[in-house]
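Q: Could you take me through this structure? I would like to start with the strands and then move on to other parts.

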Amino acid sequence: MKKIVIDPITRIEGHLRAEVEVDDNGVVQEAYVSGQLFRGIEIILKGRDPRDAGLMAGRICGVCTNSHFRGAVSAVEDAYSIALPKNAEIIRDLMAMALFIQDHVVHFYHLHSLDFVDVTSAISADAKLTSKEAHKYSDRPFRNSHSHYEATIKKLQNFVDAGKLGPFSNGYWGHSDYKLTPEQNLVMISHYLEALKFQTKISKAVAIFGGKTPHPQSIVVGGITSVADMLNPQRLNDYLFVMKEAKEFIDRAYLPDAKLLASAYRDEIKAGVGRANGNFMSVGGYEFEGEQRLFCNGIIYGHDFENIEEFDESKITEEVDRAWYKGEEVCYTDLNEDGSLKTDKNDDKYSWIKAPRYDGKVMETGPLARVIISYKKGNILIKSFVDEFLEDTGLELIDLSTTVGRNAARAIETGYICEYIFKLVSRLIQNIKYYDTDTWTKYDFEKLPRDAKGRVFLEVPRGTLSHFVNIKEQKIDNYSVIAPTTWNATPKNFDGVRGAYEEALIGVKIEDTSKPLEVLRVLHSFDPCLACAVHIIDTKGKELSQYKIKSI
């Protein structure tokens, strides 16, 4: 066996390391995925006023700020049984939906697409043939003109002539496992550059109701504070304008590019490359109308799409056998002398990520889980989006459970959310029109129970997020977060069962072990986000290290 180590894995949030063992044919036989930096926000939250939980938990990471902000506030509201006004729920959903769209587009183009797109190949593309290629996947391709493609080629050539590729400087260009033609590469790179502008615009949609982004500050226990924005027709129109532009990009660039990728990598999809264990989890959510939800809740075991169980939070446990903890205390065992993870023994600890389990099983969560569960449970809102994509690509539902398929599911979900957003804004306008302008549930903090427990389960861009709070004497006594990446990147437990990241790597063939592009593809397909704090603490008071900053 040969061991391949990738550390750090870039184009993600946080610090992730992967070690895979391959046989003589370069096929992965074993995998260990490790979160490499400690997150201490839960410790920081202890002793704080519960009403401040959102502002602090939102700092868990700089990508999912909105999600953790809302999660913390909602957990406190659950502890105190505070019901939200409808308008507050809608405003929070509008912020969340804008984040979904931004996150999915940024992930596909800026964090993941270069695993499939050979930048240097695009320079040799024919602009006229590129225009024809784009029409294979969309009736109205985005910015599809000869002059646009020629300008993109010139921009790329300038990077090369300058002796550096700028944002494309690190990559395995020319790798034998790149499948796209020069024209397909040019289409994708063209949209990569357009998505840089897209992400700045979509961020404005979050900021309209959030005050700013990242780290919005308009969500408070009991409701929201962006009342003036909600009642201002111009602000609502600004939000809608951003969303209309976003929908155009998604319909004419993102979804067609997902279809292009599915076509080019069809063989890998049908071979099941990147398929994990087939256990999927979604807690559902986002009210549409009546009992209808944007996403359905459910549990799937072993790719059995016909038998979906209802989600039951009592079945969730969290283990630390192979993580650097002992109970609630830090138990870091360091690396081997050669810098590799300690994995020789079945009880070796090798990750800061804990091991959540549902009914004792590892779970995959995220857009793939939401799309499959909602579709198979008969969600009429999402059905047409899934059917259209599968029909246009000639794929089956099981094909989505692959590396490329996860990207397809994410694109399908984005298109679906864009449709939902306009209906959500319409509901808000109707409420205001009929004089329902409530945005906050009044309460007297001093009269609330001094001791309380609360929790919340939310579907956020990367999957299922849960926050748990225990309040004693009106202060946070204990706090816990299980993020989507905690589920997907879980280390093995005492039973040796791999998590979704690790299982998806098994069987992957690496063409060139010095350039493990295939490993990056699999891991990036989950959109890793290893939320962490900037300080490491030692519970025994041991000094970890000293640093000196010298002026130059």
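**Strands, cysteines and helices**

Q: How are the strands of the open sheet ordered, and how do they pair?
A: This is a predicted model. In it, three strands form an open sheet in the order β1-β2-β3, and their pairing is antiparallel.

Q: Which strands are at the edges?
A: The edge strands are β1, residues 2–6, and β3, residues 28–35; each of them pairs on one side only.

Q: By how many degrees are neighbouring strands turned against each other?
A: The average for this sheet is 15 degrees, with direction ignored.

Q: And how many bridges join β2 to β3?
A: Strand β2, residues 16–22, is joined to β3 by seven bridges, and the two run antiparallel. One pair of bridge partners is Val22 and Val28, the latter in β3.

Q: Changing topic: how many disulfides are there?
A: A search of the whole structure finds zero. Cys64 is in no disulfide, and its nearest cysteine sulfur, that of Cys529, is 3.4 Å away. A disulfide requires the two sulfur atoms to be within 2.5 Å.

Q: Is Cys64 buried or exposed?
A: Cys64 is buried, with a relative accessible area of 13%. Buried here means under 20%.

Q: Why is Cys418 without a bond to another cysteine?
A: The closest cysteine sulfur, in Cys64, is 19 Å from the sulfur of Cys418, which is too far for a bond. Cys418 is also buried, at a relative accessible area of 2%.

Q: Now the helices. Where does Thr130 lie?
A: Thr130 lies in helix α6, which covers residues 127–134. Thr130 is buried, and its relative accessible area is 0%.

Q: What lies 2.7 Å from a polar atom of its side chain?
A: For Thr130, that is the backbone oxygen of Asp126.

Q: Which residues does Thr130 contact beyond its neighbours within four places in sequence?
A: Thr130 is in contact with Ala125, Asn144, Tyr149, Glu183, Leu186 and Val187.

Q: What about α4 and α10: how do their axes cross?
A: The axes of α4, residues 86–112, and α10, residues 233–264, come within 11 Å and cross at roughly 35 degrees. The crossing is left-handed.

Q: Why quote both values?
A: Two packed helices are described by the angle between their axes and by the distance between the axes.

Q: Which residues meet there?
A: On the α4 side, the residues include Leu94, Ala98, Ile101 and Phe108. Among those they meet in α10 are Tyr239, Met243, Phe249, Ile250 and Leu261.

Notes:
Residues numbered from 1 in each chain as written. Predicted model: local features only at pLDDT ≥ 70, side-chain atom pairs only at ≥ 80, totals over all residues. Heavy atoms only, no water. Pairing = 2+ DSSP bridges. Helix = DSSP H or I, 4+ residues; strand = E, 2+ residues; numbered from the N terminus. Axes fitted to C-alpha atoms, helices over the stretch in contact; angles between N-to-C directions. Buried < 20%, exposed > 50% of the residue type's maximum accessible area, 1.4 Å probe, protein only. Polar contact = N/O pair within 3.5 Å; in protein donor to acceptor, adjacent residues only side chain to side chain. Contact = heavy atoms within 4.5 Å. Left-handed = near helix turned anticlockwise from the far one by under 90°.
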